[in-house]
Amino acid sequence: MAERVLVIGSGGREHALAWKLAQSPHVQQVLVAPGNAGTASCGKISNSAVNVSNHTILAQYCKDHNVALVVVGPEVPLAAGIVDDLTAAGVPCFGPSAKAAQLEASKSFSKSFMDRYGISTARWSSFTDPQEACSYIQGADFPALVVKASGLAAGKGVIVAKDKEEACQAVLDIMKDKAFGAAGDTVVVEELLEGEEVSCLCFSDGSTVAAMPPAQDHKRLLDGDKGPNTGGMGAYCPTPQVSGEMLQQIKTTVLQKTVDGMKEDGIPYVGVLYAGLMLTQQGPKVLEFNCRFGDPECQVLLPLLKSDLYEVLKNTLQAKLASEPPVWLDNSAAVTVVMASEGYPGAYKKGVEITEMGLQVFHAGTALKDGGGVVSSGGRVLTVTAVRPTLESALHSANQGVAAVGFPNAVYRRDIGHRAIAYLTRTRGLTYKDSGVDIAAGNKLVEIIKPLAKATSRTGCNAELGGFAGLFDLKAAGFVDPILVAGTDGVGTKLKIAQACNIHNTLGQDLVAMCVNDVLAQGAEPLFFLDYFSCGRLDVGVASSVIGGIAEACQMAGCALLGGETAEMPGVYGPGEYDLAGFCVGAAERGSLLPRLGDIQEGDLLIGVASSGVHSNGFSLVRKVLERTGLQYSSPAPFGQPGQTMGSALLTPTKIYSRLLQPILRSGAVKAYAHITGGGLLENIPRVLPKDLAVDLDATHWRIPPVFSWLHKEGSLSEEEMVRTFNCGLGAVLVVGKQEAQRAVVVRNLEHCLRAGPNPCPDTSVLQNGASHTDSSSRKRTKVAVLISGTGTNLQALIEQTKKPSSSAEIVVVISNRPGVLGLKRASMAGIQTRVVDHKLYGSRAEFDSTIDHVLAEFGVEVVCLAGFMRILTGSFVRKWNGKLLNIHPSLLPSFKGVNAQKQALLAGARVSGCTVHFVAEEVDAGAIIVQEPVPVLMNDTEESLSARILEAEHQAFPAALELVASGVVRLGEDGQQQNLWHVQQS
């Protein structure tokens, strides 16, 4: 729903704010109070006559007119508490509170604050007596030549004197002659700093700061920085004098430090924070703080803002800047030139008619003439803004725009940005950046990805980036006699599609999957991952999106993102191009490696594990087929989900099989694992077979995703080409059973299935997380009950798993034998029915079990999970639910059965412990094992520390085991042993 926004103010800054807000699809109308001629009636923008100084009237006006957000431009209303009053009345208002606005409203408060929090600024002192101020000026051992009115003076209360006598006269003018009124009751005398003056602004949500590009305004009236001081005669952005490293320094040591200090003082700063800085030889020093957008800085910053300003302001108010920072235009510069009335900053004539406005003109001191037309009504009248690829071209265009304005006798500067142009054209030595390598961008990328990598930490590795190499402790990970297994891969020309579609975040999963699935095929557990990202010019946004996807995929795979390399190589890659490579290292115990060629026999069964589509092989052929059809990446996909484009459908990420298949591989039932990558079915399956054996596949026995039918038809591809290039719906093939063999690989009925489409082929393949190919909303899910007695941390893990659309299980009821426990609250919050069957109310165990059985029948339960259920069930109950009753035990059964399993493990000197999910049998902890998750025992482990790490492993193992049972992949055989029911029909 589009909203109405009210902007407070009447200058060029407020016109720019209204102009940018009006571009948002979330905004229906922008009201400006009081506004000017430029905001009177312009598309979504119009003026309002509401009294903005009476906050009670203003609040009622906002409610009456459904104003969703008030944006305050100038500093005076902020210092007067407009944000406090409107917020208290229930009207959202953007800007700092009155207390926070003291950073601008009181120079004395601001300087004291900076001293208190160690923010670098000029030496200073404040005075309420003019004689004391003059004595300080005369006696200071530094040039105390800057005199400031402590209060608000419309940006004009600063005098920079050329000598001590002029500084003393400025004190007398301000304090005795009241040159700036009550704002001069207190004066601040400062050290005169030397260097380049710049403006660094940021959005602050009270905790996080999002820095804007640095800008520079021009205070002097005339070219060459001559003439009197003004409110600002123009500005440009960005300033090349502020490097990326320096901006990061300013963000950390000034902007973030200020926001942190205000928060510590109990005055959270929410809004725009403006730091006026001097770039001295000792580093940046703060000249002053403003509590709002600068004018004219606002007129160059907002045209460079790529993000939706309304969204940015809402994210700031909702403390979301950390996750949703604003985005700015790259490779662009903005220049704004102020056109002032003749006589400004002194007396000037009003009512001068203005005509012929071009470019982007923001109005300031303008009014509508009776009968139509625009006339001047203030000192600074118009700001003409141009955005171009370079600063020089932006200045040229802005000056052309000024020349096109019909404003007689206007005063303006023609040299805005002259310092930057001189800086850019100075003779200097070459830098690495001049060659096209941006070290600052690389450092920024590292800072972005450090927390992403840290989140992938696992036992054996803390995934801390920054060293020359990464370390992994195999012993800590629980390995006894390990063999290391390494794999490397890329994602091929799937990159081209991602780059064309500007979709980069899915490639990380492709890269990780291609390497991890290779390592998994050797029977190894993936341990850590390294990435290589190379490009011609580093785009931090693109690179962080790709590497963020890699980190997320590493978490899915259970391996740590241990490090990587980002290579910026100008001239090697074209604009927007990059390449990827990945490296995964895993380990397996010496006796667990695959394939076990000696065990594979004629007649063994093959298990197809479903792919998500093309995965990451064969994309050169895919792109050629697409070219033949004439379709674009933006065209609707004739396959895939409704509404998907060709690009997004083809970028469906490769499946990662480690979480799904590791429990199955650990069971020892799998003799070989073929990862179906480049070479398709035809060439990958023979890689894991003895030379004298072959396989026979029937394509009617698995579901072929529709993308392959489309490729076959549109590319007129032969059967052999299909099976030699693509996975045809099988991302992996496991050797586990018995089947006739003929020649190397025979795929029967493929042509029939490709032509018929996916529907006639029954789906018998295993999917990620045990999901079938059918739509999750229509697929029958196994009804599960969870029995608890306490906090329910394992219950929470089961809830999170079953909430996934791909899950085969649905928790329909949670039963507790104790009332009021946290686990019941967890279930209720997840929308799951709960029942309390208090064991204290029953005379016998049989009566208690019978009541639970009735509840299970009421909900049609098919599988029961015991998650911290502290009651022993009767033999009759266990027999009734045989093969449908799951429990988890904190050891690697059959070791350390019964209570105090962790203590038993420590006393026995075990090097590895863990957890076991098993079917419940009448004998305690003796049922058939479904899933085990090992946890290494560390040298300094206590019972408590070991228990905590085993509990984390339980949160992985229990959901995995439930999926295996709920999906029918695992069941209890008649002999009481686990049976793996991976099955394909045989012809």
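Leaving aside neighbours within four places in sequence, which residues is serine 816 in contact with? In this predicted model, the list reads Ile788, Ser789, Val821, Leu824, Arg835, Val836 and Val837. Serine 816 sits in strand β35, which covers residues 809-816. With a relative accessible area of 0%, serine 816 is buried. Its side chain still finds a polar partner, reaching the backbone oxygen of arginine 818 at 2.6 Å.

Stepping back to the whole chain, the protein has 987 residues, and buried ones make up 53% of them. The fold is built from 30 helices and 42 strands. Along its principal axes, the C-alpha trace spans about 105 × 75 × 55 Å. Among contacts with a separation of 6 or more, 73% come from residues 24 or more positions apart.

One piece of this fold is an open sheet of six strands with mixed pairing, in the order β3-β4-β2-β1-β5-β6. The edges are taken by β3 (41-42) and β6 (93-94), each of which has a single partner strand, so one side of each is left without a neighbour in the sheet. Further in, strand β1 (residues 3-9) and strand β2 (residues 27-34) run parallel and are joined by seven bridges. Glutamate 3, for instance, stands opposite valine 27 in β2. Two helices pack on this sheet. Helix α2 (residues 55-64) touches β1, β2 and β5 (67-72), and its direction makes about 155° with that of β1. Helix α11 (residues 309-317) touches β1, β2, β5 and β6, with its direction at about 90° to that of β5.

Which residues of α2 are buried? They are His55, Leu58, Ala59, Tyr61 and Cys62. Viewed down the axis of α2, these buried residues fall within an arc of 160°, so they line one face of the helix. As a rule, an α-helix has 3.6 residues a turn, so residues three or four places apart point the same way. Thr56 and Asp64, on the other side of α2, are exposed. The cover over the buried residues of α2 includes β1, β2, β5 and α4 (82-88). The two ends of the helix have details of their own. At the start of α2, a side-chain oxygen of asparagine 54 comes to within 3.1 Å of the backbone nitrogen of threonine 56. After α2 comes asparagine 66, which has a positive phi, near 55°.

Much later in the sequence lies strand β38 (residues 885-889), where five of the five residues are buried. Both faces of β38 are covered, with Leu885, Asn887 and His889 buried on one side and Leu886 and Ile888 on the other. Strand β37 (residues 863-866) pairs with β38 in the parallel sense over three bridges, and leucine 866 has asparagine 887 as its bridge partner in β38. Between these strands the chain passes through helix α28 (residues 875-880), making a right-handed β-α-β crossover. β38 also runs antiparallel to strand β39 (residues 912-919), with four bridges joining them. Here asparagine 887 turns up again, with histidine 918 as its bridge partner in β39.

Two helix residues round out the picture. Methionine 262 is found in helix α9 (residues 244-264). Is methionine 262 buried or exposed? Its relative accessible area is 0%, so methionine 262 is buried. Not counting residues up to four places away in sequence, methionine 262 touches Lys99, Ala100, Leu103, Phe113, Ile267, Pro268 and Tyr269. One of these, leucine 103, is 159 residues from methionine 262 in sequence, with 9.6 Å between them in space, C-alpha to C-alpha.

The other residue, serine 544, belongs to helix α17 (residues 540-557). Serine 544 has a relative accessibility of 17% and so counts as buried, the cut-off being under 20%. The side chain of serine 544 reaches the backbone oxygen of valine 540 at 2.8 Å. Leaving out residues up to four places away in sequence, serine 544 touches Leu445 and Ile448.

Technical notes. Residues are numbered from 1 along each chain as its sequence is written. This is a predicted model: local features need pLDDT of at least 70, side-chain atom pairs count only at pLDDT 80 or more; totals for chains, interfaces and linings use all residues. Side-chain values use heavy atoms; hydrogens and water are left out. Buried means under 20% relative accessible area, exposed over 50%, partly exposed in between (1.4 Å probe, protein chains only). Two strands pair if DSSP finds at least two bridges between them. A crossover is right-handed if, with the strands pointing away from the viewer, the path from the first strand over the helix to the second runs clockwise. Contact means heavy atoms within 4.5 Å. Axes are lines fitted to C-alpha atoms, for helices over the stretch in contact, and angles run from 0 to 180 degrees between N-to-C directions. The arc is that of the directions from the helix axis to the C-beta atoms. A polar contact is a pair of N or O atoms within 3.5 Å; within protein, one must be able to donate a hydrogen and the other to accept it, and residues adjacent in sequence count only if both atoms are side-chain atoms.
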